[in-house]
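Got a few minutes to poke around a protein model? Have a look at it first, and then we'll talk it through.

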Amino acid sequence: MPPRVLLFTRTTGFRHDSIPSAVTALTGRDDLRVTASEDPADVAACDRFDAVVFVSTSGDVLGERARDALRSFVEGGRGVAGVHAATTTEPSWDWWPDLLGARFAGHPEGVQPATVDVVPTGHPSTAHLPPAWHFTDEWYAFSDVRPGSTLLLGVDESTYAPGEFGMPSPHPQAWFRQVGAGRSWYTGLGHREEAWSDHLFLTHVVNGVRWTAE
């Protein structure tokens with residue numbers, strides 16, 4: 001039976017034009033049973049699902065009841081995935097970087113092609129990717145990076161112009177982590193609408209989501 005997934009896309013800050021493309025790409029699949037929502041009440045009732053996925057959410061989007069439910073959901077053994085701007089979400093909630101592993105710090109202007117180095121972990125979200133993956137995106141830098149994450153993707157700063165948003169090598173772009181008895185997975189990729197019709201990227205996301213729902 002495909003896992004039941006809550007796809008949450010509410011924004012109170014910047015809203016990405018790619019959100020409708022993400023919803024279209026992730027709903028109607030045979031390997032996921034997706035409920036798309038922007039209602040915090042659905043997060044508050046997340047125990048109906050196997051995983052919750054935050055796709056380019058921004059700002060404070062949950063409220064106290066949904067926060068409490070989500071934390072119990074994950075620490076009790078369930079999974080959460082975050083995509084792209086999910087690390088800009090819930091800036092007033094100290095537990096959010098414990099959940100996703102870091103906070104968004106900024107990015108250079110515009111989108112740029114770059115080479116993504118794939119860490120050979122055997123993780124299902126990256127096992128299909130070439131060792132050096134050429135991709136065009138908005139390359140995030142991160143702050144408040146929490147220990148305990150396992151790196152999946154790093155972007156090679158020599159292949160684009162990070163400007164003031166460089167990070168020590170490897171510059172992380174995707175990782176996974178344990179959170180209590182549960183697990184989370186995050187990718188910084190997914191800014192462009194075109195990404196959501198890219199087979200390699202979509203497989204990266206779908207397999208990351210399925211892993212959190214196991």
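Here are some questions and answers about this predicted model.

Q: Is Gln-112 buried or exposed?
A: Let's place it first: Gln-112 sits in strand 6, which covers residues 112-118. Its relative accessible area is 15%. Buried means under 20%, so Gln-112 counts as buried.

Q: Which residue's backbone nitrogen does the side chain of Gln-112 reach?
A: Start with who Gln-112 touches beyond four places away in sequence: Phe-135, Thr-136, Asp-137, Trp-139, Tyr-160 and Ala-161. At 2.9 Å, its side chain gets to the backbone nitrogen of one of these, Ala-161.

Q: Which helix gives the most to the largest nonpolar core?
A: In soluble globular proteins, nonpolar side chains tend to be buried together. Here the largest nonpolar core has 33 residues, with Trp-133, Leu-153 and Trp-196 making the most contacts inside it. Six of the core's residues come from the top contributor, helix 5.

Q: How many residues apart are Arg-103 and Asp-144?
A: These two form a salt bridge, with their closest N and O atoms 4.0 Å apart. Arg-103 is in strand 5, while Asp-144 is in the loop between strand 8 and strand 9. Along the chain, the gap between them is 41 residues.

Q: Is Glu-214 buried or exposed?
A: Glu-214 lies in the segment after helix 5 and forms a salt bridge with Arg-183. Its relative accessibility is 66%. The cut-off for exposed is over 50%, so Glu-214 is exposed.

Note on methods
Residues numbered from 1 in each chain as written. Predicted model: local features only at pLDDT ≥ 70, side-chain atom pairs only at ≥ 80, totals over all residues. Heavy atoms only, no water. Helix = DSSP H or I, 4+ residues; strand = E, 2+ residues; numbered from the N terminus. Buried < 20%, exposed > 50% of the residue type's maximum accessible area, 1.4 Å probe, protein only. Polar contact = N/O pair within 3.5 Å; in protein donor to acceptor, adjacent residues only side chain to side chain. Contact = heavy atoms within 4.5 Å. Core = buried A, V, L, I, M, F, W, Y, C linked by side-chain atoms within 4.5 Å. Salt bridge = Lys/Arg side-chain N within 4 Å of Asp/Glu carboxyl O.
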